[in-house]
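Could you walk me through the empty spaces in this protein, and the helix beside some of them? I am new to it, so please take it slowly.

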Amino acid sequence: MTDPTANGRQPLHPHVQLAHTLAEARRASLKLTLYPEPAPASLDDAYAVQRLVTETLGWQPCGFKVGATSLKAQQILGIDRPFSARLFAERLFRSGDTVPTAAENLRVVEPEVAFVMRAALPDYARPYSAADVLAAVESVHPALEIASPRLPHGLAQSLPWLIADGGINDAFVLGPGVAPLHASEYPALQVQASRNGIPVTQGVGANALGDPAAVLVWLANHLPTLGLNLGAGDIVTTGLVTGTVECQWGDEVRADFAALGGVSVRF
């Protein structure tokens, strides 16, 4: 067996090897047939892997996703709490764009409410209030997250694996923005989604942790535990508000968000 310390080189930390495998799978849109080892042993472990994946990818972070904010999403994923992951400029698209994906990959589209931050949040010693966070919002957008599972069990992942692999996020489609709504409007926001012009699912803003704005506040208070914070220009997608929409090559998905307008994507 080769000595990993030969020539003065130290063996790679297991997290680095794991992050490299996950980053390569994401970069190449590959579906892994086996779970890389070692598995993340805790949520702290999983977020450490996620951070290393971000560094290994070398892509430009442009914000955050919050996953599993709806009961439906938690039931699909078999978990009981939200989690966060990075969004990247290299996989950010605008409404009407065609998103390239590998032919064999599952594409799951999730209509979500997204916020774009006007300013970074102050470095408070206390938790951020809803007023603190919403005062820093520049605009609100209809959005579509595209999930494409890279791990062997598809959508059915443990929470540590979901976190480590960036919440199985593949891409994100941002619709045109509007000025922030009154706080009372977000939970009641009506959303309808169609595939190839045929309605397939609907929901309301309250499906995301009771209120998409509450998801943003949750994220603002969660990120400092990871050594991160919301910054000016960050995009935050706040989780599924309807059912999911599975797509094949050639499909077009559109979601209409009442006061926010519509967003669409093609594959």
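Below are some questions and replies on cavities, a pocket and one helix.

Me: What kind of model is this, and how are its residues numbered?
Reply: It is a predicted model, where local features need pLDDT of at least 70, side-chain atom pairs count only at pLDDT 80 or more, and totals for chains, interfaces and linings use all residues. Side-chain values use heavy atoms, without hydrogens or water, and residues are numbered from 1 along each chain as its sequence is written.

Me: How many cavities of 30 Å³ or more are there?
Reply: On a 1 Å grid over the protein atoms alone, a cavity is a set of points where a 1.4 Å probe fits but cannot get out, while a pocket is an open set with protein on both sides within 12 Å along at least five of seven lines; lining residues have an atom within 4 Å of a point. Points are joined across faces, edges and corners, and a volume is the space filled by probe spheres set on them. Counted this way, the cavities number four.

Me: Which residues lie nearest the centre of the largest cavity?
Reply: This cavity has a volume of about 170 Å³. Its lining divides into 12 nonpolar, five polar and four charged residues (Ala, Val, Leu, Ile, Met, Phe, Trp, Tyr, Cys and Pro are nonpolar; Asp, Glu, Lys and Arg charged; the others, Gly among them, polar). Nearest its centre are K65, A68, A73, L77 and E110.

Me: Which element gives the most to the lining of the second largest cavity?
Reply: Helices (H or I, at least four residues) and strands (E, at least two) are DSSP runs numbered from the N terminus. This cavity, of about 50 Å³, has at least two lining residues from each of α2 (43-57) and β2 (83-88). With three residues, the most comes from α2.

Me: Which residues of α2 are buried?
Reply: Buried means under 20% relative accessible area, with exposed over 50% and partly exposed in between (1.4 Å probe, protein chains only). The cover over the buried residues includes α1 (14-28), β1, β2, α5 (159-164) and α7 (212-222). The buried ones in α2 are D45, A46, Y47, A48, V49, Q50, V53, T54 and L57.

Me: How many residues does α2 give to the lining of the largest pocket?
Reply: The largest pocket holds about 150 Å³ of space. Both α2 and β2 give two or more residues to its lining, which includes Y47, Q50, S84 and A85. The largest share is from α2, and that share is four residues.

Key. Contact means heavy atoms within 4.5 Å.
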